[in-house]
Structures are given as C-alpha cells and as structure tokens.
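Okay, thanks everyone, let me put this one up on the screen. I'll take it piece by piece, so have a look while I talk.

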Amino acid sequence: MKVGYNVTVHDINCNAMKKFSDMGVPTKETPFEVAEACDVVITMLPSSSHVFYVFTGPKGLLQGGNLLRPWLLIDSSTIDPQTSRKLSVTVSKCNLKGKKDNLVIPLMLDAPVSGGVLAAEAGTLTFMVGGSEEAFLAAKPLFLSMGTLYIVGKQEMVQ
C-alpha cells in the first residue's frame, strides 16, 4: 500500500479486517470474493492445510471452477513442497476469465517469506521464489516493493 498498490484484504481474524477497513482498505468476507475482485492474489498462511483450504475450500479462491480472474497467484506461506506442487497443478488446469497479455492460464509462484510482521511493515521481507521465469518476472516488482528476493535455483540475491 505504501508504494501505491491497491490492496483488498481477507482474514479470518475480525480484528485484522477492522484494522484494514479503518484505514480505508477494501475487505472481503471470503477468499473467493478476493479472487473475484483482484488481478493478483498473494496468500500468506500458517500451514499447508490452511493454504489448501483457502485455494480449494467451499469459499476458496478456486470456488468459481476453472475460470479465474486473477492472472497471478503467489503463495508466500512456508509449507510443504507437495502442497505447493499440487496447487500449482490445480491452478494450471484453470483458464483466465479475461485477457492479460498473451496468458491463457493463470501464473503461480511458490514464494515463502522470511521476516515476520515487523519486516512486513518495514518492507524488508525476504522472498525465496520458485516457479516459471514468466511468473517471476511478472511478480518481481511486487516482491521488490515488499523486500528482497532469493531466487531458488539461481543462488542470487536481488534488492
């Protein structure tokens, strides 16, 4: 938000939702409502089961079937690789509702984060990113607005 991105928020914690609402940030009641309102969705959740539920649960991001509005999905949770792979396969079977450049299917990145709440507030998180180069290049400005990048497999830092 501090660097000019429009943000929409969903959280099961009512106090967190109220904090954002009080700042004028739009809030949504379900992950699906976020997916319907946003072009890019970033999740940051405590466990694999939470991530899987937010994506595939009854009011999850993918509730609308195989047509999605978001062209980019980024999971920044620290979860097991099997869940990340499974979600990536599931997302790759979806199509975009609208057009975004030459994309037909949404892009997805696994981008666990290190740094916690204080680093998030300061914009100094560290992201360890895995996924296609196309998805990474599309997301790079978002990551750099929130911190630094550690590119998995390339052993380099980007600041």
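How many disulfides does the structure hold? Zero. Keep in mind that this is a predicted model, so everything I quote is computed from that.

Let me start with the cysteines, then. The closest cysteine sulfur to that of Cys38 sits in Cys94, and it is 16 Å away, which is too far for a bond. A disulfide would need the two sulfurs within 2.5 Å. Cys94 is in no disulfide either, with the sulfur of Cys38 as its nearest cysteine sulfur. Cys38 is buried, at 10% relative accessible area, and Cys94 is buried too, at 4%.

Now the cores. The largest nonpolar core has 19 residues. Which residues have the most contacts inside it? Those are Leu72, Ile74, Leu109, Phe127, Val129 and Phe143. If you want to trace this core through the elements, look at β3 (72-75), β5 (107-110), β7 (125-131) and α6 (133-146), each of which supplies at least two residues. The biggest share comes from α6, which gives five residues. Then there's a second, separate core of 16 residues, and here we meet Cys94 again, because its members include Ala35, Val41, Leu62 and Cys94.

Next up, helix α4, residues 81-92. Take its length: with 12 residues at 1.5 Å a residue, α4 should span 16 Å, and its end C-alpha atoms are indeed 16 Å apart, so the two agree. Which residues of α4 are buried? Thr83, Ser84, Leu87 and Val91. Look down the axis of α4 and these buried residues fall within an arc of 100°, so they line one face of the helix. That face packs against α3 (48-56), β3 and β5. Go round to the other side of α4 and you find Gln82 and Arg85 exposed. One more detail, at the start of α4: a side-chain oxygen of Asp80 comes to within 3.1 Å of the backbone nitrogen of Gln82.

Just before that helix there's a residue I'd like you to zoom in on. Ser77 is in the loop between β3 and α4. Is Ser77 buried or exposed? Buried, with a relative accessible area of 1%, and the cut-off for buried is under 20%. The side chain of Ser77 makes a polar contact of 2.8 Å with the side chain of Asp75. Setting aside neighbours within four places in sequence, Ser77 is in contact with Thr43, Met44, Leu45, Val51, Asp110 and Pro112.

Last stop, the loop between β4 (95-96) and β5, where Asp101 lies. What is the phi of Asp101? Positive, about 50°, although Asp101 is not a glycine. As background, most residues other than glycine have a negative phi. With 66% relative accessibility, Asp101 counts as exposed.

Lys100 has its place in the loop between β4 and β5 as well, and Lys100 is partly exposed, at 26% relative accessible area. Where does Lys100 sit relative to Trp71? In sequence the two are 29 residues apart, and in space their C-alpha atoms are 7.0 Å apart.

That's my tour, happy to take questions.

How values were computed: Residues are numbered from 1 along each chain as its sequence is written. This is a predicted model: local features need pLDDT of at least 70, side-chain atom pairs count only at pLDDT 80 or more; totals for chains, interfaces and linings use all residues. Side-chain values use heavy atoms; hydrogens and water are left out. Buried means under 20% relative accessible area, exposed over 50%, partly exposed in between (1.4 Å probe, protein chains only). A nonpolar core is a set of buried Ala, Val, Leu, Ile, Met, Phe, Trp, Tyr and Cys residues joined through side-chain atoms within 4.5 Å. Helices (H or I, at least four residues) and strands (E, at least two) are DSSP runs, numbered from the N terminus. The expected span of a helix is 1.5 Å times one less than its number of residues. The arc is that of the directions from the helix axis to the C-beta atoms. Contact means heavy atoms within 4.5 Å. A polar contact is a pair of N or O atoms within 3.5 Å; within protein, one must be able to donate a hydrogen and the other to accept it, and residues adjacent in sequence count only if both atoms are side-chain atoms.
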